[in-house]
Amino acid sequence: MKTELQSDLYQAALEWLATCSKQYIASNMLERRFQIGPMWAAALADQLEDAGVLSSPLPPHNQRRNYLRKRKSKARSA
């Protein structure tokens, strides 16, 4: 039952995201759109991110510079 509900929710999210023009959507937007709890919304966002449908969330505006630095340092070490 639970997996059927999750797969139905995942398919509905894929269909809805196909109509959106944004690449990143916050989990609280998924929560409001599908009227689910925050844990389900976070899990759905993780599934969509792992599938490559959504990009990973960006940090708050003031932390963008730190995010880019971390990203560059990971690229250098890899």
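The following paragraphs describe the fold, the helix packing, the nonpolar core and two individual residues of a predicted model.

The protein contains four helices and zero strands, and its elements follow the pattern α-α-α-α when read along the sequence. Of its 78 residues, 18% are buried. The exposed surface amounts to about 6300 Å², of which carbon and sulfur atoms supply 51%. Among contacts in the protein with a separation of 6 or more, 47% involve residues 24 or more positions apart.

Helix H2, spanning residues 27-34, packs against helix H3, spanning residues 38-50. The angle between the two is about 115°, and their axes lie 8 Å apart. The crossing of H2 and H3 is right-handed. On the H2 side, the contact is formed by Ser27, Leu30, Glu31 and Phe34; on the H3 side, Pro38, Ala41, Ala42, Leu44, Ala45 and Leu48 take part. Sorted by class, the residues in this contact comprise eight nonpolar, one polar and one charged.

The largest nonpolar core has 14 residues. The members that touch the most other members are Trp16, Leu17, Leu30, Phe34, Ile36, Leu44 and Leu48. Two or more residues of this core come from each of H1, H2 and H3, with H1 giving the most, at five residues. Several of these core residues also belong to the helix contact described above: Leu30 and Phe34 in H2 meet residues of H3, and Leu44 and Leu48 lie on the H3 side. Trp16 touches Ile25, Met29, Leu30, Arg33 and Phe34, when residues up to four places away in sequence are not counted. Leu30 and Phe34 thus appear both among the contacts of Trp16 and in the contact of H2 with H3.

Two glutamine residues were examined individually. Gln6 is located in helix H1, which covers residues 2-19. Its relative accessible area is 31%, so Gln6 is classed as partly exposed, a class that lies between the cut-offs of 20% and 50%. The C-alpha atom of Gln6 is separated by 9.7 Å from that of Ala43, a residue 37 residues apart from Gln6 along the chain.

Gln35 is placed in the loop between H2 and H3. Its phi is near 50°, a positive value in a residue other than glycine. Gln35 is classed as exposed because its relative accessible area, 73%, is over 50%.

Terms used
Residues are numbered from 1 along each chain as its sequence is written. This is a predicted model: local features need pLDDT of at least 70, side-chain atom pairs count only at pLDDT 80 or more; totals for chains, interfaces and linings use all residues. Side-chain values use heavy atoms; hydrogens and water are left out. Axes are lines fitted to C-alpha atoms, for helices over the stretch in contact, and angles run from 0 to 180 degrees between N-to-C directions. A crossing is left-handed if the near helix is turned anticlockwise from the far one by less than a right angle, and right-handed if clockwise. Contact means heavy atoms within 4.5 Å. Ala, Val, Leu, Ile, Met, Phe, Trp, Tyr, Cys and Pro count as nonpolar, Asp, Glu, Lys and Arg as charged, and the others, Gly among them, as polar. Buried means under 20% relative accessible area, exposed over 50%, partly exposed in between (1.4 Å probe, protein chains only). A nonpolar core is a set of buried Ala, Val, Leu, Ile, Met, Phe, Trp, Tyr and Cys residues joined through side-chain atoms within 4.5 Å. Accessible areas come from the Shrake-Rupley method with a 1.4 Å probe; for residues, only the protein chains shown count as cover.
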